[in-house]
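Reader: I am new to this kind of picture. Could you show me how to read its pockets and one of its helices?

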Amino acid sequence: MATVTLKNLGKKFGSLEVLKDISLDIKDGEFVVLIGPSGCGKSTLLRMIAGLETITEGDLAIDGKPVNDMPARDRGISMVFQSYALYPHMTSADNMSFSLRLAGETEPARRSKVERAADILGLEPYLDRLPRQLSGGQRQRVAMGRAIVRKPSVFLFDEPLSNLDAKLRVKMRAELKELHQKLNTTTIYVTHDQIEAMTLADRIVVLRDGRIEQIGAPLDLYDRPANAFVAGFLGSPAMNLLDLTVGADNLRQANFVDGEGIRLSRDAASPGMLTVGIRPENFRLMSEPSDNALRAQVVVVEPTGHFTEILARKGGQDIVAVFSDRVSVRPGDTVYLEPHPDRLHVFGRADQTGARI
């Protein structure tokens, strides 16, 4: 196990700057998830930590030791790739032990480490099978077993579940969580899936355009996003971000273009445009108008069994609401959606800074 310290890390490909001023302290045994939209630099950052990409500027240390110029093989890191990267002509056991054989370990030592990893991952029945004889989930476990046998100080995962179907991804998420609890090895995990980030991470690092937007525990980011980007990125369905106007005569009322609006929990700093964020689960469906209910027209109703999701539209803006009950509304109906007054998020305009107010 080890700490990982990034200080003012940057990366350029020619004149293209893909990472800028990345600073992050990862504690021993911590599970940190890097998340952000495609092209934000998260996989490049992971490859820099692994030693597969050079560092343009800044410093990287593992357990306090500078590793900027250290070869990947000497960093005490194991990486699990999205593509599994298994040798097709080797059995599961041979794939898992290959790096140990290259390192000159004896056959009994290799067998012992493979058997231990297979026991942790439930791979004992599959050790003699070739990759083509395994399911996607089994191949991914073999790839993880190959990483485990090296007993690394740090595990790196680059979108390891993205090739799996939805049901298997849920199962593998639980297995990854259990694996980390067993091994307690420092883990850095890249994904674009915010559900994976929320369920796996001790801390989440949200990236956008090569910069860190916010770092924190999953529920801290969910409950108090630093800006409109983080607010809209974390959560499924995503937070509603409504562009509203506050008038000089009433700084506590944020209005849609039709004049109806939302009563804020405190006065806005000044009149003008702002963005109000409301989580879909923070609405109540009212049977009649009320002082703070939004009158909207239903566009789509999506019953899933355990909850009902409604897409409604007001003043040209879409509003998503989720209810645990089976509500009886249809497209075209007028509904009254009352937001929870203590769970409103107010930001500067999302097309400008979008910072939390």
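Author: We will look at a pocket, then at a helix. This is a predicted model, where local features need pLDDT of at least 70, side-chain atom pairs count only at pLDDT 80 or more, and totals for chains, interfaces and linings use all residues. Residues are numbered from 1 along each chain as its sequence is written, and side-chain values use heavy atoms, with hydrogens and water left out.

Reader: How is empty space found, and what volume does the largest pocket have?

Author: Rolling a probe the size of a water molecule over the atoms shows where empty space is left. On a 1 Å grid over the protein atoms alone, a pocket is an open set of points where a 1.4 Å probe fits, with protein on both sides within 12 Å along at least five of seven lines; lining residues have an atom within 4 Å of a point. Here the largest pocket has a volume of about 530 Å³, the space filled by probe spheres set on points joined across faces, edges and corners.

Reader: Which residues lie nearest its centre?

Author: Of its 22 lining residues, those are Ile77, Ser78, Met79, Ser99 and Arg150. The largest share of the lining, five residues, comes from α2 (helices are DSSP runs of H or I, at least four residues, numbered from the N terminus).

Reader: Is α4 mostly buried or exposed?

Author: Buried means under 20% relative accessible area (1.4 Å probe, protein chains only). Twelve of the 13 residues of α4 are buried, so the rest of the structure largely encloses this helix. Among them are Gly136, Arg141 and Ile148.

Reader: What do they pack against?

Author: Contact means heavy atoms within 4.5 Å. The buried residues of α4 pack against partners including α2, α3 (107-121) and α5 (166-183).

How values were computed
Helices (H or I, at least four residues) and strands (E, at least two) are DSSP runs, numbered from the N terminus. Buried means under 20% relative accessible area, exposed over 50%, partly exposed in between (1.4 Å probe, protein chains only).
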